[in-house]
Amino acid sequence: MRELFVQASYLVASVFFMLGLKSLSRAETASRGVNLAAIGMLIAILGTLVQQVIIDYRWIALGLTIGTVIGVPLGTRVPMTAMPQRIAIALTFGASAATLVGIAEFHDHSDTLALGQRVAVAFEVMLGSLTVAGSFIAFGKLQEILPGRPLTYRGQNAVNFLLLGVMVAVLVAVVIGIGGMPLFYGLIGLSLVAGVSLVLPIGGADMPVVVALLNSYSGLASAATGFAISNNVLIVSGALDGTSGFLLSMLMSKAMNRSFANVLFGAFGSEGGTAAVAAGGSDLVATPISAEDAAVQLAYARNVVVVPGYGMAVAQAQHQVRELAELIEKRGGEVRYAIHPVAGRMPGHMNVLLAEANIPYDKLYDMDEINGDLSRADVALIIGANDVVNPAARTDPTSPIYGMPILNVDEAKSVIVLKRGMSVGFAGIDNMLFYLPRTRMLFGDAKASLVKLVTEIKAL
Amino acid sequence: MTTLMQVYVFVLAGFVGFLVIARVPPLLHTPLMSATNAISGISLVGSIVAAGAGRGVVSTVLGTVAVTAATINVVGGFIITKRMLAMFKRSDRRPSEAPKA
């Protein structure tokens, strides 16, 4: 009877999780759906707590309490600008839970586990440890504790492949029962090293793919836990998590026109790019513009498209963007936002920042929605975006970003680029957009430039 | 035999997940990641058993740490997802209403 209740609670939780994710297909229904998922979680936890195998509640209570004490500020205090690293650290927590459960399982039952369960536990700790270490490094890069640029050395790919090869060999050995506990810990150690080693060479702008991929691994580790301890709700949510991460990383790498392999082993923008800059940037001159002139141009524009990029996130200029947009709208202009799928450091990064600044989401347009319409724009205002608006992706087959879908802002009637200086973007290549006759450069910190624009328009 | 059933569950859930998640617009991709993060805290159900089934010191200690880590994700994950979603608002239907200064 009690077991039936436990299983029923897991079924309800699984259904609620799916309904919760389904509600995320529309912004209007999303919040209610998340409530439903949270209720599902609560039911599953209650179902677990009444299980007959639980004989001691003290340690559970301790863990739940400490977790809540740490979790509440992580939910309420972390600013939206810190979302990428917040997600990365959450992946570390999630994967460590799965890994620890796997270790406990293997430690207690290694003699009695069936072959299927041994496979599951081995995958669980391998994917789990890989994700723990990988997301922690991603967190370090996003939090800027570690340098964001790719950390590379000669023969890195060879070392990584060797590492992965040894890891898989040890996994097989653990599954067939060689080496006992020491080799099992060896598998964990190797996976941790592999996680660090695989993420270190990946640069900041490739983080959306990596974070999504780690999300997928962490889901698969959960699902493996479910296989190991015969728990369906773990299998279901692990599968959901795994597909979600996989789908997102596929979308992200498609938006960069690169394969997984290229993102993971390509170390973009480290060497080849610098040569391209030296070759291209010599005799071309970008035309600067003063804040006064740019303000006049924006104030009298009927149709403005703002293109935000990572530079806006770094300068935390989203509130100034909204202020500027409101002024233009007050004068009768229309302001829309064109958002490239890989702008920023995680999937959907720009949308969250603009929403935080109270910009209504119906003014945010995906690349595919707005690209056909950019030629109508009087002004395209580029704020800290670079590679995602580089026309070389369309026109120059020798460019490293050739073939990547971009926002066609070069079709707009005029372009104003807010930029610190003439430095290259993440891909390390020059941007021909800056040298077009109708492009003007407004140099300076994005936030400071926007403040100047707002003051100037108010003075008109 | 049960393993086979579990593979069924895994594959079908993955399939449903694919269909459902493919319909999430890019607008909500960050809330999606943060919601799946919160849901991944379901490893709590495994952690609770490890911590409370009286299987010995190793299991209890590892289980307790796992309960802590998973609870952080559940609590923090759902709160921040709700917080994020609360920020996504539509513009006013009546454009005549001037936006607040």
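Two residues are in contact here if their C-beta atoms, placed from the backbone, lie within 7 Å. I start there, since the interface rests on that cut-off. The model is predicted.

First, the two chains. By that cut-off, 80 residues of chain B are in contact with 97 residues of chain A. On the chain B side, four elements give two or more residues each: α1 (2–21), α2 (29–40), α3 (44–52) and α4 (57–87) of chain B. Which of them gives the most? That is α4(B), with 29 residues. Sorted by class, the side of chain B that touches chain A holds 45 nonpolar, 29 polar and six charged residues.

Now chain B itself. Its secondary structure is four helices and zero strands, and along the sequence the pattern reads α-α-α-α. The chain has 101 residues, of which 61% are buried. Take the contacts in chain B with a separation of 6 or more: 61% of these are between residues 24 or more positions apart.

On to chain A. The domain assignment splits chain A into domain 1 (1–77), domain 2 (85–265) and domain 3 (286–459). The centres of domain 1 and domain 2 of chain A, taken over C-alpha atoms, are separated by 24 Å. Seven residues from domain 1 of chain A and five from domain 2 of chain A take part in the contact. On the domain 1 side, helix α1 (residues 2–23) of chain A provides the largest share, six residues. By class, that side of domain 1 has six nonpolar residues, one polar and no charged.

Last, the sheet in chain A. How many strands form it, and in what order? Six strands make an open sheet, ordered β3-β2-β1-β4-β5-β6 (chain A), with parallel pairing. At the edges are β3 (364–366) and β6 (439–443) of chain A, each pairing on one side only. From one strand to the next, the twist averages 25°.

Looking at one edge, strand β2 (residues 334–339) of chain A runs parallel to β3(A) and is joined to it by three bridges. Ala338(A) has Tyr365(A) in β3(A) as its bridge partner.

Two helices lie across this part of chain A. Helix α15 (residues 349–356) of chain A lies across β1, β2 and β3 of chain A, at about 150° to β2(A). Helix α12 (residues 291–299) of chain A lies across β1 (303–308), β4 (379–383), β5 (415–419) and β6 of chain A, and runs at about 130° to β6(A).

Note on methods
Residues are numbered from 1 along each chain as its sequence is written. Chains are lettered from A and ligands numbered from 1 in the order in which they are written. This is a predicted model: local features need pLDDT of at least 70, side-chain atom pairs count only at pLDDT 80 or more; totals for chains, interfaces and linings use all residues. Domain bounds come from an automatic or database domain assignment. Ala, Val, Leu, Ile, Met, Phe, Trp, Tyr, Cys and Pro count as nonpolar, Asp, Glu, Lys and Arg as charged, and the others, Gly among them, as polar. A residue is buried if 20 or more other C-beta atoms lie within 10 Å of its own, exposed if 12 or fewer, and partly exposed in between; C-beta atoms are placed from the backbone. Two strands pair if DSSP finds at least two bridges between them. Axes are lines fitted to C-alpha atoms, for helices over the stretch in contact, and angles run from 0 to 180 degrees between N-to-C directions.
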